[in-house]
Every structure is written in C-alpha cells, then in structure tokens.
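Q: Please take one part of this model and go through it closely. Start with a single pairing, then work outward to what surrounds it. Keep it brisk.

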Amino acid sequence: MAIYAIGDIQGCYYSFLDLLKKIKFKRGRDQLWLVGDLVNRGNGSLEILRWCYKNKSSVTAVLGNHDLHALAIKYKVIEPDDEDTLSRLLKAKDSDLLFKWLRSLPLVHYEKKHLMVHAGVMPQWTIKDALKFSKEVSTQLRSKKYIEFLSSIYGNKPDKWSSTLNKNDKARIIINATTRLRALSSDGAIDFTYKGELKNMPKKLKAWFDFPKRKTKDNVIIFGHWSALGLVTRGDIFSIDTGCVWGRSLTAVRLDDKSVFSVKANSKDT
C-alpha cells in the first residue's frame, strides 16, 4: 500500500485523473490524502466529489477554504461569487448527499507522523491541540445546527490565538488558521493579505511554518493553499499546491519515500 498526498484540486477533474494514471493508483491498495480545496474555480467540482464519494474508502481529505465556501453557498449562508463554478454541483440530483459528505470532513488529519492541513497551524498549537480543535469544529459542522454554525465563521477577527477566546471566536480563528493561513506578523497575528512568493514577503511578516518556536516543528506537515509558494519539500513541511487551477500542475507526494509526481494542468478543466 502507498499513501499519496495530493495538492489543491479545485475542481480540476481531468488533471486529477491524469495524476492518478501517473501514480498508477489502484483502489483497494493505495490511499489518497487530499489536502483540501477539492472544489471551485475548475469546472469539474461535481465530478471530483462524486469520485471521492464513490471511492471514499481510499480517500482521506480535509476541508479547505473553497470547500467551506461551497458549503456556505449550498446552505444559503452566503451568495455565490462571480468566479464560483459550483452551479452544476449545486443543481445535481445527488448534491445533498455529496455536501453531507463534504461537511463530514475534518480540518486536520494525523497519521504516520504526518499532519495534513489545508493551510497551516498556529505556532502555539501542538499536534494534540490541532486535532482537538479540528474535532471541536467538526462536531459543530456535523450537528443539527450546522447552518447556524456556518453563519458564525466569517470574519478576520480575532487574528491572534488565545486559549481564553469565546466559543465562536475560537472556532473562527481555528478555521481561519487551518484553511486560510499563510503568514503571521511578528506579534503572531494572521495576515490575510499577502499571497505572493516567499522571497517577496514583507520583512514584517513570517511564513507560518518559519515562525519562531512553532510547536509542531518536529513533525512533518503537509499543506496546500499557497499556490505562489509552489512545491516545497523539506524535512518538516511539504507544500503541494502547485497551481493546477491556474494552468500550472497538480502534484502528489508519496509519503513513504517522499517521491514527487506532477502532471500539467489539463486544458479541459478551465
């Protein structure tokens, strides 16, 4: 059995199939770890979720910001944006089933000394903390009050972690960290504006994974979200969003030997 972690798919169904062919994926033998942002921007969100649901015994996935955005649209918490490509998914006969599955996904997954998250973790968090906080949010998303909960998660405040936050503020920063985090200011506040390359980052900011005294630095963290960062493979992190939806590539990393596999974005996806 091999485990392959795959970067942001964002509805790029044909690129995803191309990558599965390249890694010679075999259902029942191999496992796929999907780093979130399964849907939106590409035109195959419906096909991606159908494939994942059909093959869910081979799939471990976490929620990304676009997945949460899709949930909020589905349950009429917010209106779609002009750039959203979710209409076929929303109108599909199996839409309710697929969104229920999407809503069941966690924010983080930990196995074999690897933590998978869509964007990042706050420097104060241990692995145990990240799993605990993910479970707290998942409990809300799976509860009968999930629409009310989705309505409470929007906003950029608070932007600093504190164990004394109230329930709603705590959930909001947990979601923002795990699905939107790229950089932190020197005082540990999340910066929601910078999306560029690491070399061009303002001096007042630090990439979350390079923040001093990060408590998860002795673990391997696999994440996506930061397409401008591209592929980064080093001892403690694997950044694997290689911008498929922007016409670049879709990437997988095999966990046991850290081999990297990439395919060019398929033109059918945009």
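**The hairpin and its surroundings**

A: Strand β12 (residues 249–254) runs antiparallel to β13, and 6 bridges join the two. This is a predicted model, so read every position below as computed. Take one pair from the ladder: S249 has K264 in β13 as its bridge partner. The two strands form a hairpin, with 4 residues between them. One residue in that turn deserves a look. K258 has a positive phi there, of about 65°.

Now step back to the sheet that holds the hairpin. The sheet is open and has 5 strands, in the order β3-β2-β1-β12-β13. So where does β13 stand in the sheet, and which strand stands at the other edge? β13 (259–264) is at one edge and β3 (59–61) is at the other. Each has a single partner strand, so one side of each is left without a neighbour in the sheet. Neighbouring strands are turned by 20° against each other on average, with direction ignored.

The pairing in this sheet is mixed. In general, strands of a sheet pair through backbone hydrogen bonds, either parallel or antiparallel. The hairpin supplies an antiparallel case. For a parallel one, look at β1 (residues 3–6) and β2 (residues 31–34), which pair over 4 bridges. Within that pairing, Y4 stands opposite L32 in β2.

Follow the chain out of β1. The loop between β1 and α1 (13–23) contains Q10. Q10 has a positive phi of about 50°, although it is not a glycine. Compare that with K258 in the hairpin turn, where phi is also positive.

Beyond this sheet there is another one to inspect. It is open too, with 3 strands in the order β7-β6-β8, and the pairing is antiparallel. β7 (190–191) and β8 (205–207) take the edges. Each has a single partner strand, so each has one side without a neighbour in the sheet. β6 (residues 183–185) pairs with β7 over 2 bridges. There, L184 has I190 in β7 as its bridge partner.

Next, the helix contacts. α3 (residues 65–74) packs against α5 (residues 95–103) at about 135°, with the axes 10 Å apart. The two helices are therefore oblique to each other. Their crossing is left-handed. On the α3 side, the contact uses D67, A70, L71 and K74. These meet S95, D96, F99, L102 and R103 in α5. By class, that contact has 4 nonpolar, 1 polar and 4 charged residues.

A further pair is α6 (residues 127–141) and α8. Their axes come within 10 Å and cross at roughly 110°. That makes α6 roughly perpendicular to α8. This crossing is left-handed as well. F133, E136, V137 and Q140 of α6 make the contact with K167, K170, A171, I174 and I175 of α8. These residues divide into 5 nonpolar, 1 polar and 3 charged.

One peptide bond should be checked in the loop between α7 (146–151) and α8 (167–180), where P158 is found. The bond joining K157 and P158 is cis, with omega at about 0°.

Finally, the record. An unreviewed UniProt entry annotates residues 1–225 as "domain: Calcineurin-like phosphoesterase". In the model, that span is 36% helix and 14% strand, and its end C-alpha atoms lie 27 Å apart.

Note on methods: Residues numbered from 1 in each chain as written. Predicted model: local features only at pLDDT ≥ 70, side-chain atom pairs only at ≥ 80, totals over all residues. Heavy atoms only, no water. Pairing = 2+ DSSP bridges. Axes fitted to C-alpha atoms, helices over the stretch in contact; angles between N-to-C directions. Parallel < 35°, antiparallel > 145°, perpendicular 65-115°, else oblique. Left-handed = near helix turned anticlockwise from the far one by under 90°. Contact = heavy atoms within 4.5 Å. Nonpolar A, V, L, I, M, F, W, Y, C, P; charged D, E, K, R; others polar. UniProt positions renumbered as here; feature names shortened; annotations may be inferred.
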